[in-house]
Amino acid sequence: MNDRLSSGEPHLDAVLGGGLPANAINMLVGLPGTGKTILAQQYVFTNATPERPAVYLSTVSEPFDKILRYGQTLGFFDPKAVGRSVFYDDLGAVLNEHGLDGVAERISALFKERRPGIVVIDSFKALSAYAAGADFRRFLHNLAGHLSAYPASSFWVGEYSEDEIASAPEFAVADAIVDLSTTRAAERETRFLRVLKLRGSQFAPGRHAYRIAEHGIATFPRLADRLDETDYALEGERRSSGIAALDQMLADGYWPGASTLCAGPSGCGKTLMGLHFVFNGIRQGEPGVLATFQEHPTQLERIVKGFGWSLEEEGVELLYRSPVDLYIDEWVYDLLAAIERTSARRVLIDSLTDLQFAAPDEMRFREYMYSLVQRFSRQGVSLFMTSELPNLFEIARLSEYGVSHLSDNVVLLQYIRDGSAVRRALTVLKTRASRHEPEIREFKITPDGIVLGEPIDDPQASD
């Protein structure tokens, strides 16, 4: 079982440890609408050849012509392959007239006639309604024995629930089980793929997001790096933040590869501080990526022009995504690709709040951010993250899900009441492996950027 069957989608093959085992019984399971039939056909058109064709057998769930009609809308579907390397057949009539014995005879005849390399039965679960107990187990045993004796890869597709996966006898004989599901949180729906079983193979555990795209199933492997204790080089020269006074508070700037969290309420200057970080890096020959969910490119261009910058400058890459229908793992692969393509050394993520809302749960977000920060550190990529705080005054909580613990630097922006006026203030709460000035400093946003003022002695005295 060393040979692998590719899905035609590199990310899915990576989740499966190189692909599904060839010449094995593979089960694709999930509730209706999760994409099981699409994935089965994706395997069919990726691997079928005239010498080793694929036979796709429908039963009594989805009609043969419907499977074919919807398959034609997908990019992997090759009309020229139908009747040459891909053959469709409907077992519904045989099943209704002759039961499982008739199905077994028909499958045996197709093996002799077509000598297939791939056989799909969709839906396999529908077969269990035509026999019960010992009769279905006998059919299952004979079918599995026949398939194991013949060098063909089998896909059994069915609408099974989790309880049925634990009890149905067909799962005991399967070599691989891939579960497709849809999770709903508020108004957001996310599709997830899990490998429940893969005999004799290593695979990526956990839930992996996927989309049904025009080319088939697009998978985004879960970003969850394991602990890597090997040493890696750290640059010893600090880099400017782009704000001279802030560099002093950070003990002469940022360490390369460091992560900085900038937290504060709405409108206090978090995005602007991140833009200083990226555009100042460009001036020092360090390309940067602006990864934003907050500002449309048209709006962001107007902001940066006000400070003498431009999104068209060489060395800056804009990665704009809407926070609506956001898959955090899909987004992170876009980000990593942008960094590799541009050789970026600085990255602004604006903001973490959108990633938190898109994460399926707290634990997932924690491991996701740990993995991202560690990857950037090893690559020497400096990361600046913004996070919105709900309170305008008297901030008591810095960040959700422990992101501040992962960050090398933590900068707090806040509003201070001063009679009838409101002043902006900045504090460096943390710098890892270096000193910093833990003062509360007033700052102003001017046409020249962020300008720091004097320390504020007792900001609560004016409340």
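A residue counts as buried when its relative accessible area is under 20%. Keep that cut-off in mind while looking at this predicted model.

Start with strand β15, residues 346-350. Of its 5 residues, 5 are buried, so the strand is largely enclosed by the rest of the structure. In a regular strand, side chains alternate between the two faces of the sheet. Here both faces are covered. Arg346, Leu348 and Asp350 are buried on one side. Val347 and Ile349 are buried on the other.

What lies beside β15 in the sheet? Strands of a sheet pair through backbone hydrogen bonds, either parallel or antiparallel. Strand β13, residues 288-292, runs parallel to β15 and is joined to it by 5 bridges. Leu290 stands opposite Leu348 of β15. Strand β16, residues 382-388, also pairs with β15 in the parallel sense, over 4 bridges. There, Val347 stands opposite Leu383 of β16.

Now follow β16 to another partner. Strand β12, residues 259-264, pairs with β16 in the parallel sense over 6 bridges. Ala263 stands opposite Ser387 in β16.

These strands belong to an open sheet of 9 strands. The order is β14-β13-β15-β16-β12-β17-β18-β19-β20, and the pairing is mixed. Which strands stand at the edges? They are β14 (316-320) and β20 (449-455). Each has a single partner strand, so one side of each is left without a neighbour in the sheet. Neighbouring strands are turned by 25 degrees against each other on average, direction ignored.

Helix α13, residues 362-379, packs on this sheet. It touches β12, β15 and β16. Its direction makes about 150 degrees with that of β16. The helix has 18 residues and reaches 26 Å from its first C-alpha to its last. That is close to the 26 Å expected at 1.5 Å a residue.

Look at the two ends of α13. At its start, a side-chain oxygen of Asp361 reaches to within 3.2 Å of the backbone nitrogen of Met363. After the helix comes Gly380, whose phi is positive, near 70 degrees. Between these ends, the buried residues include Phe365, Tyr368, Met369, Leu372, Val373 and Phe376. The buried residues of α13 pack against β12, α11, β15, α12 (352-358), β16 and α14.

One of those partners, helix α11, covers residues 328-342. Its 15 residues should span 21 Å at 1.5 Å a residue, and its end C-alpha atoms are 21 Å apart, which agrees. Among its buried residues are Trp331, Val332, Tyr333, Leu335 and Leu336. Ser343 follows the helix, with a positive phi near 55 degrees.

Next, take a single residue. Where is Asp408 placed? It sits in the loop between α14 (403-406) and β17 (409-418). Is Asp408 buried or exposed? Its relative accessible area is 18%, so it is buried. A polar atom of its side chain lies 2.8 Å from the backbone nitrogen of Ser259. Beyond its neighbours within four places in sequence, Asp408 is in contact with Gly257, Ala258, Ser259, Lys430, Thr431 and Arg432.

Turn now to another open sheet. Its 9 strands run in the order β5-β4-β6-β7-β3-β8-β9-β10-β11, with mixed pairing. Here β5 (86-90) and β11 (216-220) stand at the edges. Each has a single partner strand, so one side of each lacks a neighbour in the sheet. The twist averages 25 degrees from one strand to the next.

Within this sheet, β8 (residues 176-185) and β9 (residues 188-198) pair in the antiparallel sense over 10 bridges. Ala185 has Arg188 of β9 as its bridge partner.

Helices pack on this sheet too. Helix α5, residues 134-149, touches β3, β6 and β7. Its direction makes about 145 degrees with that of β7. Helix α2, residues 36-47, lies across several strands, including β3 (25-30), β4 (54-58) and β6 (118-122). Helix α2 runs at about 165 degrees to β6.

Finally, α5 has a helix partner. Two packed helices are described by the angle between their axes and the distance between the axes. Helix α4, residues 92-114, packs with α5 at about 5 degrees, their axes 11 Å apart. The two are therefore roughly parallel to each other. From α4, the contact involves Leu100, Val103, Ala104, Ile107, Ser108 and Phe111. From α5 come Phe136, Phe139, Leu143, His146 and Leu147.

Conventions: Residues are numbered from 1 along each chain as its sequence is written. This is a predicted model: local features need pLDDT of at least 70, side-chain atom pairs count only at pLDDT 80 or more; totals for chains, interfaces and linings use all residues. Side-chain values use heavy atoms; hydrogens and water are left out. Buried means under 20% relative accessible area, exposed over 50%, partly exposed in between (1.4 Å probe, protein chains only). A polar contact is a pair of N or O atoms within 3.5 Å; within protein, one must be able to donate a hydrogen and the other to accept it, and residues adjacent in sequence count only if both atoms are side-chain atoms. Contact means heavy atoms within 4.5 Å. Two strands pair if DSSP finds at least two bridges between them. Axes are lines fitted to C-alpha atoms, for helices over the stretch in contact, and angles run from 0 to 180 degrees between N-to-C directions. The expected span of a helix is 1.5 Å times one less than its number of residues. Angles under 35 degrees count as roughly parallel, over 145 as roughly antiparallel, 65 to 115 as roughly perpendicular and the rest as oblique.
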